[in-house]
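Dear colleague,

I am passing on the structure we spoke about, together with some notes on its interior and its helix packing. Please read the notes with the structure open beside them.

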Amino acid sequence: MIHVLIVDDDKLVRKGLMSFLPWESFGMKVVGEAANGEKALDFLKANRVDLLMTDLAMPVMSGIELIRVVRKQYPNIAIAVLTLHQDFEYIQEALRLGAIDYIAKVELEKEQFEEVFRRIHSRVVEEKQRHKNESDSIVEACSCDTAYALLKFPDEPLTSRMVADCVSLGWIAEAEGSILMWLKDLAKEVQPQGHYEEDPLPPLPNGTRSTGWHMVRLRHTADLSPSDLHQRIRAYRSRDFFYDCDGNEPYPIEKSVMELLAEHPEPGDEETDTVKELLHAFTWVHNDEAFDKLCSRLKELRIPVSKLMQWIYGFMVDWNRLYRVIQPDDIKLPDTFTCWREVVDWLKHFREIGLTLSGSLQLSPEVSGSIMTAVKIVHDELECPLFAIDVAKRVNLSRSYFYQCFKEIVGYSFNEYLRKVRIDKAREYLEQTARPIVWIAKQTGYEDEKYFSRTFREQTGMLPSEYRLQYKTRL
């Protein structure tokens with residue numbers, strides 16, 4: 001029985017395909033459905049699928065991107081494209097990436113499904129046989145106890161010229177991906193002048209000497225079939241490789257087969273929350289020990305690169321929101337990182353920018369960090385009573401020195417800054433919510449609504465109710 005997963009952002013289309021077509025008559029069974037590519041990938045992690053039927057135009061992750069990922073992570077899954085409009089440019093791209101066929105939805109609606117099902121069933125069987133033949137041919141070639149892999153991040157398909165060069169040197173090139181495998185026993189090969197190298201390395205194909213390619217030496221591979229090994233390398237590349245490659249290492253990354261086979265449970269919510277708190281606390285910007293701890297904990301989690309980028313982006317938004325008054329220029333985040341070393345280097349660069357201000361004012365990083373902490377307290381505890389003398393104690397500064405340094409770094413006295421942040425937050429509530437004035441007053445630290453209204457008018461020139469009305473009129 002061929003297990004089928006249907007991916008389409010139109011729920012009615014999915015239900016219609018599942019309910020009204022005679023799947024079992026053609027040896028097929030629909031085992032799942034998904035509204036986009038990301039949900040499809042989640043389903044594939046825990047379920048057997050032989051045939052993926054996907055639409056191309058979907059939110060979150062398109063069908064084209066889904067096909068790319070599935071061909072790399074699950075090469076034994078056959079893929080057929082569902083399309084409403086026969087956009088041949090997209091269809092050709094899908095076929096080039098490895099889809100076995102495309103199905104116009106109109107064919108199914110006009111009861112041409114018998115012909116379609118026979119064609120798809122035949123091609124799925126052919127695809128399974130092809131993978132079996134390839135697997136059998138590779139198994140015959142694998143008998144060494146040490147293997148090598150060449151990996152690249154981010155993933156890019158190999159050019160035809162590189163594939164030809166790799167094959168001529170003895171490397172096995174993964175189709176539509178950037179993984180090369182060497183399965184020959186180098187230890188038995190005689191080196192020039194009759195010497196043996198203890199750990200000889202395979203020859204590097206042209207194009208892999210550039211930045212981004214890294215060699216991994218795999219130990220104890222003799223008892224593992226090459227197809228399984230290839231699958232494990234793909235899994236390793238998707239998670240651990242990013243954190244293992246330094247970006248500048250002259251020697252191969254050493255891994256045993258047992259390390260590749262080891263399961264990596266996803267970190268729990270408590271663990272991830274702790275690390276995110278470290279990231280958003282900003283103490284690491286001015287404290288070396290806190291910085292080392294943050295880097296260590298982030299690397300230990302080994303979260304996917306996409307999630308790591310989301311975390312750093314979230315912290316950047318938080319930083320720019322809190323400290324825009326102090327550092328008006330937003331610090332930019334790169335589109336992606338290619339290895340963990342780049343993450344550490346970027347965080348170090350961020351610290352240098354964060355410390356520039358304290359250096360220009362001839363303040364120690366510790367004092368600058370204390371003032372930054374005080375700024376964060378203002379934003380985090382806006383609805384609470386806040387007094388400069390209490391905040392000074394919390395950041396371990398004397399009252400007079402705290403007043404002086406806060407004004408030098410922030411540009412406002414503590415009380416001026418507190419009032420500014422509270423009124424700015426009140427503006428936001430008035431613009432974006434329909435909450436009553438008394439609620440907004442309490443949320444911004446004013447227990448007395450009349451005092452709040454008077455302070456708001458002093459800062460903006462109008463009462464809160466007048467401000468809200470004028471804002472709505474402008475819209």
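R351 is buried, with a relative accessible area of 10%, where buried means under 20%, exposed over 50% and partly exposed in between, using a 1.4 Å probe and protein chains only. R351 sits in helix α13 (residues 340-360), helices being DSSP runs of H or I with at least four residues, numbered from the N terminus. Beyond its neighbours within four places in sequence, R351 is in contact (heavy atoms within 4.5 Å) with W284, V285, H286, N287, D288 and F291.

Please bear in mind that this is a predicted model, in which local features need pLDDT of at least 70 and side-chain atom pairs count only at pLDDT 80 or more, while totals for chains, interfaces and linings use all residues. Residues are numbered from 1 along each chain as its sequence is written, and side-chain values use heavy atoms, with hydrogens and water left out.

W284 also belongs to the largest nonpolar core (buried Ala, Val, Leu, Ile, Met, Phe, Trp, Tyr and Cys residues joined through side-chain atoms within 4.5 Å), which has 75 residues and in which W284, F315 and F402 touch the most other members. Helix α12 (residues 305-323) supplies the largest share of this core, 10 residues. A separate core of 23 residues lies apart from it, and includes L66, V69, A94 and L97. As for F402, its contacts, leaving aside neighbours within four places in sequence, are I371, A374, A388, V391, A392, V395, L397 and F414.

With best wishes

Note on methods: Helix = DSSP H or I, 4+ residues; strand = E, 2+ residues; numbered from the N terminus.
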